[in-house]
Amino acid sequence: MSDCVFCMIASGEIPSAHVYADDDVVAFDDIAPQAPVHTLIVPRVHYSSIADEVPDGILLALLRAVPAVAEAKGVASSGYRVIMNTGDDAGQTVHHLHVHVIGGRPLGEGMVRPAERE
Ligand code: 5GP
Ligand code: ZN
């Protein structure tokens, strides 16, 4: 999508340092990190959310990228949280499918969305 910020980041139209990249997905740090490590993984192709008939291979690529991102960011052994906000009640603000990988400090208990922490 031409007006989608994550499409522009994935294509390189908006430059960003890639934490991880492969044929299907790109990972980059969140512009407003909610913890010392807060990285987003997005598919190169636009899907609005997990509910957008995402092909199996893309879903697999997104999840396979998670431990690679954790390793790259140094939280593989300390632990991290993986979040996919979907729709209004979850507070999804960017309607390009993305996975949050959050860590680098104790995150507490409960299913907390990033924007409500701190
Ligand atoms: P959501 O609430 O949709 O799950 O999360 C969207 C995330 O994208 C937010 O954590 C927000 O800080 C991040 N974000 C929004 N615009 C940009 C941007 O232009 N660059 C980066 N790196 N992150 C962004
Ligand atoms: Zn997009």
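**The surroundings of ligand 1, and H98**

Let me begin with one contact: in the side chain of H100 there is an N or O atom that lies 2.8 Å from an oxygen atom of ligand 1. On its own ligand 1 would expose 520 Å², and of that area the protein buries 81%. I should say straight away that this is a predicted model, and that the distances I quote are computed from it.

Two further polar contacts belong beside that of H100. In D30, a polar side-chain atom is placed 2.5 Å from an oxygen atom of ligand 1, whereas in D29 it is a backbone N or O atom that comes in, at 2.9 Å from a nitrogen atom of the ligand.

Turning to the shell as a whole, ligand 1 is surrounded by 16 residues, the closest being D29, D30, T93, H98 and H100. By type, the shell consists of 8 nonpolar, 6 polar and 2 charged residues. At least two shell residues come from each of α1 (5-11) and β2 (25-29), and it is α1 that makes the largest contribution, with 3 residues.

Let me finish with H98, which sits in the loop that runs between β4 (80-83) and β5 (99-103). Is this residue buried or exposed? H98 counts as buried, because its relative accessibility is 7%, and the cut-off for that class is under 20%. Its side chain reaches the backbone oxygen of H96 at a distance of 2.7 Å. Leaving aside residues up to four places away in sequence, H98 touches F6, L40, I41, V42, I83, M84 and Q92.

How values were computed:
Residues numbered from 1 in each chain as written. Chains lettered and ligands numbered in written order. Predicted model: local features only at pLDDT ≥ 70, side-chain atom pairs only at ≥ 80, totals over all residues. Heavy atoms only, no water. Near = heavy atom within 4 Å. Polar contact = N/O pair within 3.5 Å; in protein donor to acceptor, adjacent residues only side chain to side chain. Areas by Shrake-Rupley, 256 points an atom, 1.4 Å probe, with all protein chains shown as cover. Helix = DSSP H or I, 4+ residues; strand = E, 2+ residues; numbered from the N terminus. Nonpolar A, V, L, I, M, F, W, Y, C, P; charged D, E, K, R; others polar. Buried < 20%, exposed > 50% of the residue type's maximum accessible area, 1.4 Å probe, protein only. Contact = heavy atoms within 4.5 Å.
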